[in-house]
Amino acid sequence: MALDSSGNQSEQQQPQASSGNGDVGLKLRRIPNEEHEPDNYEDLQLDFSPVLFSSLERYLPDQILNSSRIDKARFMRDLLSRYSPDTDRIRIQRHREYRQKILSSYQRLHGEIYSLDPSSFFVPSFLGAVRQKSEESLRSIMVPSSPGIFTFEMFNPRFCEMLLAEVEHMERWVYDSRSTIMRPNTMNKFGVVLDDFGFEAMLQKMVDDFISPIAQVLFPEVCGASLDSHHGFIVEYGKDRDVDLGFHVDDSEVTLNVCLGKQFSGGELYFRGVRCDKHVNSESSEKEVYDYPHVPGHAILHRGRHRHGARATTSGHRVNLILWCRSSTFREMKNYQRDFSSWCGECKFDKQGRQQASVKATKEILERRAAEKALVELASRSSADKT
């Protein structure tokens, strides 16, 4: 069963025709329907990842949530396509073919890490805090290193070792099979996209069950509760690898960055404030300047729009797991927003300036009126004295 480019079912049963503008005004929920059990979309030929459709389904409005699976898939595909032109869909199709080629040939080294096992992946403090499902418990393990930047211990050493070994195994397979590998992004020349090698479902479950509850508490203003997709990858720094990383923002709402190891020096992250598109190149204040030294097994969580870079790794070999967590709800809402002062440092500064100017103007008006009233009262008393 498949959906063609127009969203129709390609087999005998056809979904009802789109209601035209009827669906256009429907918006995703801000809070997911946790009681709803999403459908599986693995058997449909879609323009986007089936995992993304299953994750996004909990955010559908009731009118769509109660529809058939095909109608739900069409609605979600149309929504996602708003942010993806035809050239991107062609690229996605080629990427799907590339990924299928890898999955059909690559032999896993540690198959157990491809399915999320919380007890063996996470340190007890992290696992216990998330399972308690309270803001107090989550904040208890967080170190608010700087405004909007939180660090905490996350992965146990054994999991880090196995994931590092798996990545090395991937790199050897790429070399031995003379395969072409897509790197994580345009800035990193080394590393692998974990989703391409079969980690997509595991990482999405990590987002759904562990990162989203934290982001809901720490980053509600960027829809931290509605993270419905991700891009998961490994970056490598050191000799014969990338050395540093330029100043940039991430293509995410929330970013998880976990140092896996190994022995290294340098490579600190430097942060310079959160900015919207309009203010991305504005200056930083002293309060926004923060440098973070990596610690193996420890994670740092921040908004994707928090401007940052990585200093040179001066010796050794540093490997990090990066998880860009995204929200379709937030990206749709941004189209209708003009004020980002709840999270953009420059917008907040501008808003405070306008408020201060308004308060000053109001104060001047009140003072002028008081002075005028005093003059009137003085003139009235003077007139009364003459009579």
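Is Trp-324 buried or exposed, and what is its relative accessible area? Trp-324 is buried, because its relative accessible area of 11% falls below the 20% limit used for that class. The legends below concern a predicted model, and they begin with the chain as a whole before turning to single strands, loops and residues.

**View 1. The whole protein chain of the predicted model.** The protein chain holds 11 helices and 12 strands, and its C-alpha atoms fill a box of roughly 110 × 60 × 40 Å when the box is taken along the principal axes. Of the 387 residues in the protein chain, 49% are buried, while the chain exposes about 20300 Å², of which carbon and sulfur atoms supply 50%. Among the contacts with a separation of 6 or more, 79% are made by residues 24 or more positions apart. The chain carries 51 positive and 56 negative charges, and the mean positions of these two sets are 5 Å apart.

**View 2. Strand β12 and the strands that pair with it.** Strand β12 covers residues 313-326 and is mostly covered, with 11 of its 14 residues buried. Strand β4, residues 229-238, pairs with β12 in the antiparallel sense over 10 bridges, and within this pairing the bridge partner of His-231 is Trp-324 in β12. Strand β6, residues 254-261, is likewise antiparallel to β12, here over seven bridges, with Leu-256 standing opposite Leu-323 in β12. A further antiparallel pairing, over three bridges, joins strand β7, residues 264-266, to β12, and in this pairing Phe-264 stands opposite Gly-316.

**View 3. Strand β6 between two pairings.** Strand β6 is mostly covered, eight of its eight residues being buried. Besides the seven bridges that pair β6 with β12, five bridges join β6 to strand β10, residues 298-303, and these two strands run antiparallel. Val-254 can be followed in both pairings, since this residue stands opposite Cys-325 in β12 and opposite Arg-303 in β10.

**View 4. The surroundings of Trp-324.** Trp-324 has its place in strand β12. When residues up to four places away in sequence are not counted, Trp-324 touches a set of residues that includes Asn-185, Ser-229, His-230, His-231 and Phe-233, together with Asp-250, Asp-251, Ser-252, Val-254 and Thr-255. The contact with His-231 accompanies the bridge that pairs His-231 with Trp-324. As a distance for orientation, the C-alpha atoms of Trp-324 and Leu-28, which are 296 residues apart along the chain, are separated by 21 Å.

**View 5. The open sheet of four strands.** Four strands form this open sheet in the order β5-β11-β8-β9, and the pairing is antiparallel. The edge strands are β5, residues 245-248, and β9, residues 289-292, each of which pairs on one side only. From one strand to the next, the twist averages 20 degrees. Strand β5 pairs with strand β11, residues 306-310, in the antiparallel sense over two bridges, and the bridge partner of Leu-245 is Ala-310 in β11.

**View 6. His-110 in its loop.** His-110 is found in the loop between α4, residues 86-105, and α5, residues 118-121. His-110 counts as buried because its relative accessibility is 17%, which is under the limit of 20%. Leaving aside neighbours within four places in sequence, His-110 is in contact with Met-162, Ala-165 and Glu-166.

**View 7. Backbone geometry in three loops.** Most residues other than glycine have a negative phi, and most peptide bonds are trans. The peptide bond from Gly-261 to Lys-262 is cis, with omega near 5 degrees, and Lys-262 has its place in the loop between β6 and β7. Arg-178, although not a glycine, has a positive phi of about 55 degrees and lies in the loop between α8, residues 157-176, and β3, residues 192-193. Asp-240, also not a glycine, has a positive phi of about 60 degrees and lies in the loop between β4 and β5. Arg-178 counts as exposed at 79% relative accessibility, and Asp-240 counts as exposed at 59%.

Key:
Residues are numbered from 1 along each chain as its sequence is written. This is a predicted model: local features need pLDDT of at least 70, side-chain atom pairs count only at pLDDT 80 or more; totals for chains, interfaces and linings use all residues. Side-chain values use heavy atoms; hydrogens and water are left out. Two strands pair if DSSP finds at least two bridges between them. Axes are lines fitted to C-alpha atoms, for helices over the stretch in contact, and angles run from 0 to 180 degrees between N-to-C directions. Buried means under 20% relative accessible area, exposed over 50%, partly exposed in between (1.4 Å probe, protein chains only). Contact means heavy atoms within 4.5 Å. Accessible areas come from the Shrake-Rupley method with a 1.4 Å probe; for residues, only the protein chains shown count as cover. Lys and Arg count as positive and Asp and Glu as negative; His and the chain ends are not counted. The place of a charge is taken as NZ of Lys, CZ of Arg, CG of Asp or CD of Glu.
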